[in-house]
Amino acid sequence: VQLQASGGGLVQPGGSLRLSCAASGSISSINAMGWYRQAPGKQRELVARITSGGTTNYADSVKGRFTISRENAKNTVYLQMNSLKPEDTAVYYCNAEVVPYGSNYIYTYWGQGTLVTVSS
């Protein structure tokens, strides 16, 4: 199972970006999918998470600005980021709780990370 994240880049404060993360491989089902971020010198933190049923939760710092969504048929999760601030600058990682084919267990997989830089 692999997760491929894309969509990062340089954006000015107040701007928008959309991140995508597609899971591929021997996947029977995916439970929750999420986005985390890690800024320089800081610990990785949860940004947003969405369950297979569509229930979402967000970090307080991004509520009202970021929206997480997913396309189950494509095993893909998105993060729409609006009103970006310099403090949103970080490497963003996606993850997915996957049940591989032939398994009864849930495994957590991570994408490779995509850099988001918010600067004028």
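This report describes the strands, one loop residue and the ring contacts of a predicted model.

**The four-stranded sheet**

Strands of a sheet pair through backbone hydrogen bonds, in either a parallel or an antiparallel manner. In this model, four strands make up an open sheet, arranged in the order β1-β3-β8-β7 with antiparallel pairing. The edges are formed by β1 (2-6) and β7 (66-71); each has a single partner strand, so one side of each is left without a neighbour in the sheet. On average, neighbouring strands of this sheet are turned by 15° against each other, direction ignored.

The pairing of β7 with β8 (residues 76-81) is antiparallel and extends over six bridges. Within this part of the structure, Ser 69 is positioned opposite Tyr 78 of β8.

**Strand β11 and its partners**

Strand β11 covers residues 114-118. With β2 it runs parallel, and three bridges join the two strands. Gly 9 has Val 116 of β11 as its bridge partner. With β9 (residues 90-100), by contrast, β11 pairs in the antiparallel sense, again over three bridges. Here Tyr 92 is found opposite Thr 114 of β11.

In a regular strand, the side chains alternate between the two faces of the sheet. Which side chains of β11 are buried, and which are not? Thr 114, Val 116 and Val 118 point to one face and are buried, whereas Leu 115 and Thr 117 point to the other face and are not buried.

**Gly 14 in its loop**

The loop between β2 (9-11) and β3 (17-24) contains Gly 14. Is this residue, Gly 14, buried or exposed? Its relative accessible area is 52%; because the term exposed applies to values over 50%, Gly 14 counts as exposed. Apart from its neighbours within four places in sequence, Gly 14 is in contact with Ser 83 and Leu 84. Gln 38 stands 24 residues from Gly 14 in sequence, and the C-alpha atoms of these two residues are 20 Å apart in space.

**Rings and charged side chains**

A search of the whole structure finds one aromatic pair. In addition, two arginine residues lie over the faces of aromatic rings, as the table shows.

| Arginine | Ring beneath it | Distance from the ring centre |
|---|---|---|
| Arg 18 | Tyr 78 | 4.0 Å |
| Arg 44 | Trp 110 | 4.8 Å |

Tyr 78 thus appears in two descriptions: this residue of β8 stands opposite Ser 69, and Arg 18 lies over the face of its ring.

Terms used:
Residues numbered from 1 in each chain as written. Predicted model: local features only at pLDDT ≥ 70, side-chain atom pairs only at ≥ 80, totals over all residues. Heavy atoms only, no water. Buried < 20%, exposed > 50% of the residue type's maximum accessible area, 1.4 Å probe, protein only. Contact = heavy atoms within 4.5 Å. Pairing = 2+ DSSP bridges. Axes fitted to C-alpha atoms, helices over the stretch in contact; angles between N-to-C directions. Phe/Tyr/Trp six-rings, centres within 6.5 Å; stacked < 30°, edge-to-face > 60°. Lys NZ or Arg CZ within 6 Å of the ring centre and 35° of its normal.
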